[in-house]
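Me: Before I rely on any label attached to this model, I would like to see each one set against its definition. Could you take my questions in turn?

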Amino acid sequence: MFASCLVAGAGADGAGRIDTAAEYMPTYEDKDGDWMLVGDVPFKMFVDSCKRIRLMKSSEAVNLSPRTSSRQ
């Protein structure tokens, strides 16, 4: 579903990579109430902490993660 914004494969930490040029970005609210980009943490941690998922415009999600788009 998010093939246009998640780069195939995962990094060494098990997290996916986000294409920050996409118009919409999948984000989620963790159990602490913080909004994060999908793919910032390994899948198991995501499943344990995700309360809800939201599609945000890239302009809204730009401050959610310090990660830049890096394809490996």
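**Labels and their cut-offs**

Reply: Over residues 66-72 pLDDT, the predictor's confidence in each residue on a scale from 0 to 100, stays under 50, and for this stretch the model has 11 contacts beyond four places in sequence, a contact being heavy atoms within 4.5 Å. This is a predicted model, in which local features need pLDDT of at least 70 and side-chain atom pairs count only at pLDDT 80 or more, while totals for chains, interfaces and linings use all residues. Residues are numbered from 1 along each chain as its sequence is written, and side-chain values use heavy atoms, with hydrogens and water left out.

Me: What is the average pLDDT of the chain, and which elements have the lowest and the highest mean?
Reply: The chain averages a pLDDT of 73, and 60% of the residues score at least 70. Among the elements, strand 1 (residues 6-10) has the lowest mean, 49, and helix 1 (residues 43-49) the highest, 93.

Me: How do you know what counts as a helix or a strand here, and in which pattern do they follow one another?
Reply: Both are DSSP runs numbered from the N terminus, helices being H or I over at least four residues and strands E over at least two. By that rule the chain has two helices and five strands, and along the sequence they follow the pattern β-β-β-β-α-β-α.

Me: What makes strands 4, 3 and 5 an open sheet, and which of them stand at the edges?
Reply: Two strands pair if DSSP finds at least two bridges between them; three bridges join strand 3 to strand 4, and seven join strand 3 to strand 5, so both pairs meet the criterion. The three strands form an open sheet in the order 4-3-5, with antiparallel pairing. Strand 4 and strand 5 (50-57) stand at the edges, each with a single partner strand, so one side of each is left without a neighbour in the sheet. The twist averages 35 degrees from one strand to the next, where axes are lines fitted to C-alpha atoms, for helices over the stretch in contact, and angles run from 0 to 180 degrees between N-to-C directions.

Me: Which residues are the bridge partners of Tyr28?
Reply: In strand 4 the partner of Tyr28 is Met36, and in strand 5 the partner of Tyr28 is Ile53. Thr27, for its part, has Leu37 as its bridge partner in strand 4.

Me: Why is the pair of Tyr28 and Phe46 called edge-to-face?
Reply: Rings of Phe, Tyr and Trp (its six-membered ring) pair if their centres lie within 6.5 Å, and planes under 30 degrees apart count as stacked, over 60 as edge-to-face and the rest as tilted. A search of the whole structure finds two aromatic pairs. Tyr28 and Phe46 stand 4.8 Å apart centre to centre with 85 degrees between the planes, and are therefore edge-to-face. Tyr28 lies in strand 3 and Phe46 in helix 1, so the pair ties together parts that are 18 residues apart in sequence.

Me: What makes the pair of Phe43 and Phe46 tilted?
Reply: Phe43 and Phe46 are 6.1 Å apart centre to centre, with 35 degrees between the planes, and this angle falls in neither the stacked nor the edge-to-face range, so the pair is called tilted. Being three residues apart in helix 1, Phe43 and Phe46 are separated by about one helical turn. Ring pairs link Tyr28, Phe43 and Phe46 into a cluster.

Me: How do you know whether Phe43 and Phe46 are buried or exposed?
Reply: Buried means under 20% relative accessible area, exposed over 50% and partly exposed in between, with a 1.4 Å probe and protein chains only. Phe46, at 15%, is therefore buried, whereas Phe43, at 61%, is exposed. Tyr28 is buried as well, and strand 3 is mostly covered, with six of its seven residues buried. Buried residues make up 35% of the 72 residues in the chain.

Me: Why is Lys31 called exposed, and where is its place?
Reply: Its relative accessible area is 58%, so Lys31 is exposed; its place is in the loop between strand 3 (24-30) and strand 4 (35-37). Leaving aside neighbours within four places in sequence, Lys31 is in contact with Asp48, Ser49 and Lys51. Lys31 and Ser49 are 18 residues apart in sequence and 5.2 Å apart in space, C-alpha to C-alpha.
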